[in-house]
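Reader: I'm new to this one and would like a close look at a single part, please. Take me to the largest pocket and then to its surroundings.

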Amino acid sequence: MAASPDATPIAYLTQEFDTPAYIEPLPAGEFRNFQKGLTDVTRSCAMHIQNPSVFEELRKVDALVDQRNEPEIVTERLPFTVRVVRNEEDLRKAVTIRHSAYARHMPVLAQTLSVPEDDDTDEDAVVLLAESKLDGSPLGSVRIQTNRFGPANIEHSLALPNWLANQSIADIRRLGIEQGKSGRLIRMVLFKACLEFCKTNDVAWMVLAAKPPLDRLYVDILFEDVYPDEGLVPLLRANNVPHRVMAFEMETGEQRLTTAKHPLLDFFYHTYHPDINVSSVPSAFGQSHSVQRGVQPGALTTHPRISG
């Protein structure tokens, strides 16, 4: 039986009707107004309604509203790919772009980065490589090291605060990108790849250390200070050079960007990039990481921060 919108509230709510057939044609704004009115009326009259199907219909409406309010995921192709380093040749490409990037900003340190580091082949680490679709040349690289099997590298350099020390973390390090106009896009895509890796591996926090002015790049995407009262802290792994240590909470990331009306919200969370592939692969170095192929961004739930 089709529902009549002219019926009285209680009579209307107790009719047998196909909720989606009646609601679907409504524009989004009118639909939300209808749902709000329906919810208010039902709750105010609930004590007078004996028909349990009313509440079932309300549940259907709520579910439909949730579906309508969910952001549409669009697909976007990139002029390059991002994938996990799988063998010695891949690692050489990553080291080449890493060394080139560090040579521009930290030439002394760069002298030690012309060869792979031990952490590159650690069982807790993956190295991501951005490659040109045109000729396969390396465009960028970053290393992700979790504390799944032991302390991450950054935990050997400083004592993390209590609210972070007992969490699953990913130490984001050795970001290097090619010089040029496409550098910002490559950097943001590599960061999104880190997001996808951490999400599918149940990592709670991304942690990194950066020197000014590079620290502003991470403040801009809502990383927060691990030591807000201390500013720059000496980092043992960087010869005690002061760095700004920052963290990004995975479960609140989308909501924080939404609240801030961040211009990269859709790029990070509402766009599917099939050229980003951080899936599990057999490795020439002996480690394997269980990451689902083609993971699309989705809503993240929030949880209370551990205080300490």
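Author: Let's get the vocabulary straight: helices (H or I, at least four residues) and strands (E, at least two) are DSSP runs, numbered from the N terminus. By that count, the protein has 11 helices and 11 strands. You're looking at a predicted model, so local features need pLDDT of at least 70 and side-chain atom pairs count only at pLDDT 80 or more, while totals for chains, interfaces and linings use all residues. Numbering starts from 1 along each chain as its sequence is written, and side-chain values use heavy atoms, with hydrogens and water left out.

Now the pocket. On a 1 Å grid over the protein atoms alone, a pocket is an open set of points where a 1.4 Å probe fits, with protein on both sides within 12 Å along at least five of seven lines; its lining residues have an atom within 4 Å of a point. Grid points are joined across faces, edges and corners, and the volume is the space filled by probe spheres set on them. The largest pocket comes out at about 990 Å³. It is lined by 40 residues, and the closest to its centre are Tyr-102, Met-106, Arg-174, Leu-175 and Leu-214. Helix 5, helix 6, strand 5, helix 8, strand 6, helix 9 and strand 9 each give two or more residues to that lining.

Strand 5 gives the most, with 6 residues. Arg-174, one of those closest to the pocket's centre, lies in this strand. Most residues other than glycine have a negative phi. Arg-174 isn't a glycine, yet its phi is positive, about 60°. Arg-174 is also buried, because its relative accessible area is 7% (buried means under 20%, exposed over 50%, partly exposed in between, with a 1.4 Å probe and protein chains only).

Next up is helix 5, residues 88-105, where 18 residues reach 26 Å from the first C-alpha to the last. That's close to the expected 26 Å, a span worked out as 1.5 Å times one less than the number of residues. At its start, a side-chain oxygen of Asn-87 gets to within 3.2 Å of the backbone nitrogen of Glu-89. Its buried residues include Leu-91, Val-95, Arg-98 and Tyr-102, and you've already met Tyr-102 by the pocket's centre. An α-helix has 3.6 residues a turn, so residues three or four places apart point the same way. The cover over the buried part of helix 5 includes strand 2, helix 6, strand 3, strand 4 and strand 5.

One of those covering strands, strand 3, holds Glu-131. Glu-131 counts as buried because its relative accessible area is 8%. Its side chain makes a polar contact with the side chain of Arg-83 at 2.8 Å; a polar contact is a pair of N or O atoms within 3.5 Å, where within protein one must be able to donate a hydrogen and the other to accept it, and residues adjacent in sequence count only if both atoms are side-chain atoms. Leaving aside neighbours within four places in sequence, Glu-131 is in contact with residues including Phe-80, Lys-93 and Leu-139 (contact means heavy atoms within 4.5 Å).

Over to helix 8, another contributor to the lining. Helix 8 is mostly covered, with 15 of its 18 residues buried. Just after helix 8, Asp-202 takes a positive phi of about 55°.

Strand 9 helps with the lining too, and it's where you'll find His-243. With a relative accessible area of 9%, His-243 is buried. Its side chain reaches the backbone oxygen of Val-241 at 2.8 Å. Not counting residues up to four places away in sequence, His-243 touches Ala-209, Lys-211 and Ala-238, among others.

Last, look between strand 6 and helix 9, where Pro-213 lies in the loop. Most peptide bonds are trans. The one from Pro-212 to Pro-213 is cis, with omega near 5°. On the other side of helix 9, in the loop leading to strand 7, sits Leu-222. Leu-222 has a positive phi of about 70° although it is not a glycine, and at 23% relative accessibility it counts as partly exposed.
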